[in-house]
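Reader: I am new to this structure and would like a close look at its salt bridges. Please take me through them slowly, and then through the strands and the pocket to which they lead.

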Amino acid sequence: MGEVSYDIAIIGGGPGGYSAALRAAELGLKAVVIEKDKIGGTCLHRGCIPTTSLLQCAKVLETVNRAGKFGIKVEGISYDWQAVQKAKSVSANRLFMGLNTLFKQRKVEVIKGTATFDEPELIRIDDATKSRAVRADNIIIATGSSPQIIPEFQRNPNMAMNTDQALEISEVPKSITVVGGGAYGVEFASLFKTFGSDVSIIERAAHLLPRDDHEVAKYLEKSFTKRGINIYTNTKIQAAVQLNGGVQIKVENQSTGEVKTITSDKVLVTAGRIANLDDIDIETLGLRTKYGFIDTDSDMRTNIEGVFAVGDVTFNPQYANFAFSEGIHAVEIIAGVNSPTLNLKQIPIYTFGYPELAKVGYTEDEARQVGFEIETVGLPFQAVSRSAINKEDIGFAKMVSVKGGPIIGIHLIGPDVVDLISEAMLITNWEATAEDVAQFLHPHPSFAESIGETVLKLAGKPLHSL
Ligand SMILES: Cc1cc2nc3c(=O)[nH]c(=O)nc-3n(C[C@H](O)[C@H](O)[C@H](O)COP(=O)(O)OP(=O)(O)OC[C@H]3O[C@@H](n4cnc5c(N)ncnc54)[C@H](O)[C@@H]3O)c2cc1C
């Protein structure tokens, strides 16, 4: 088994691995990506892209359903689920081809196969036909994560789908129970509701999106309830049984003790994902883990010299933009170029669907816990004229600011707010105060004014609100 040597070997070609490889190529390093499936990883094939594509189809349906409000007549509205699925696959395939082209243009080598560590600098790669070995001074583990079968469904895993299966579902279920009220749960609940399912969502914590600002999470629950989604927060599953082709779940409210039964055609478990560590033999390597994920320092170094880990396989938030930031940072550290400190609080977090949510920086509770002396302001989107034009009644912006100091948290819920968080990210990361930003008046009428108006309010000079 001959060995080939590289400056960097990257295990996994998802967002963490491919961003590292592309940056390594830019820096003139000899890098290889080892991928057992398809480059693009979960994000491109089973995550961000297919989910957001389906949600885009849902958005078109919602727009058509609301056409009458704008005097537009559309008769006989219906959808073809197979065509919706195809629209999703077409987007993913186009992006997959684009990524392959980018790899070729930057001359990034890809080896197909499953990587295992033989020793810290030596990787064995097995595929269906042969084994080979790669030696590298630096190795980046970017093996990602997979859906988890939670204990409540372990006795009969066929009772529930995971997100991979939900994305490929052949028809829209009449009713569905979504287990887990994190980002994926909220996105799928929103998706299936738009396509006509009767949707229930179960979450153990007191709110959906428990890591979001509590006021924004409450706002989401109100808008989901208005859409007819049944929400069971603070609720744990007691038992689940298969029944006449459907599933019956017995749930208990953890504060009142009240027990209820939810029956639905399908169950989708979105709660929790596990790090993909089985193949790489972390015991042989002696890699330190934290709650089942690889433990790293802020430069993505593991406890083994020359071995880095990035993306979902680490304990950091599981989003593609975190994986991109970590992959690029790890390579820059390896290359010895000046790489800004990676501060996870600077990276936005978001949830698609209707409504969308996006945040950057501290929630009100986090800021208080850390000990900041803060003030907060909230602004309903009704204060923004675009809201009346678009006939939208949903939308809320909240800012958390150090008293007399910088804005440290921005939280948005409403239509298309994920696109607005980029401006918010610049405000918090440049540690701008309300006074610094208030002078910049936003395009009118636009939803971007929600940020401008909230800043004006924080600066004590509101324009279209009190
Ligand atoms: C339903 C869903 C929706 C999502 N939506 C969004 C979204 O809208 N926006 C967002 O930012 N994030 C979203 N995410 C999260 C995002 O997909 C992940 O954070 C991101 O893919 C993590 O990238 P990664 O490179 O760490 O891992 P992955 O993308 O999981 O890639 C890991 C790769 O490693 C390969 N691999 C694993 N083990 C080995 C081995 N031993 N040898 C060789 N190859 C190996 C795998 O085949 C895989 O291709 C979503 C996730 C899900 C599940």
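**Salt bridges and their surroundings**

Author: R135 is partly exposed, with a relative accessible area of 25%, a value that falls in this class because it lies between the limits of 20% for buried and 50% for exposed. The model in which this residue is seen is a predicted one, and the values that follow are computed from it. The partner of R135 is E3, and the closest N and O atoms of this salt bridge are 2.8 Å apart. Since E3 belongs to strand β1 (residues 3-11) and R135 to strand β6 (residues 131-141), the pair ties together parts that are 132 residues apart in sequence. E3 is partly exposed as well, with a relative accessible area of 43%.

In total, 25 salt bridges are counted, and another of them joins the side chains of E215 and K398, with 2.7 Å from N to O. This pair also links distant parts of the chain, for E215 lies in helix α7 (residues 214-226) and K398 in strand β22, 183 residues apart. The two partners fall into separate classes of exposure: E215 counts as partly exposed at 34% relative accessibility, whereas K398 is buried, with a relative accessible area of 0%. Both E215 and K398 take part in a network of salt bridges that also includes D213, E364 and R368.

A further salt bridge is the one between E366 and K345, where the closest N and O atoms are 3.2 Å apart. Here the parts tied together are 21 residues apart in sequence, because E366 lies in helix α10 (residues 364-370) and K345 in the loop between α9 (320-335) and β19. E366, at a relative accessible area of 23%, is partly exposed, and so is K345, at 32%.

K398 leads on to the strands, since β22, the strand that holds this residue, spans residues 396-402 and is joined to β23 by 6 bridges, the two strands running antiparallel. Within this pairing, M399 stands opposite I410 of β23. The two strands form a hairpin with 4 residues between them, and in its turn G404 has a positive phi of about 70 degrees. As for β23 itself (residues 407-414), 8 of its 8 residues are buried, so this strand is largely enclosed by the rest of the structure. β23 is also paired with β20, again through 6 bridges and in an antiparallel sense, and in this pairing E356 has G414 as its bridge partner.

From β20 the path goes on to the largest pocket, which has a volume of about 1500 Å³. Its lining consists of 49 residues, and the closest to the centre of the pocket are R211, N316, P317, Q318 and Y319. β20 (356-361) is one of the elements that each supply at least two residues of this lining, together with α6 (183-194), β11 (235-243), β17 (293-294) and β19 (349-351). Sorted by class, the lining has 22 nonpolar, 14 polar and 13 charged residues.

Taken in order, the path thus runs from K398 in β22, through the bridges that join β22 to β23 and those that join β20 to β23, to the lining of the largest pocket, to which β20 contributes.

Definitions and conventions. Residues numbered from 1 in each chain as written. Predicted model: local features only at pLDDT ≥ 70, side-chain atom pairs only at ≥ 80, totals over all residues. Heavy atoms only, no water. 1 Å grid on protein atoms, 1.4 Å probe; cavity = no way out; pocket = protein on both sides within 12 Å on 5 of 7 lines; lining within 4 Å. Points joined across faces, edges and corners; volume = space filled by probe spheres on them. Nonpolar A, V, L, I, M, F, W, Y, C, P; charged D, E, K, R; others polar. Buried < 20%, exposed > 50% of the residue type's maximum accessible area, 1.4 Å probe, protein only. Pairing = 2+ DSSP bridges. Salt bridge = Lys/Arg side-chain N within 4 Å of Asp/Glu carboxyl O.
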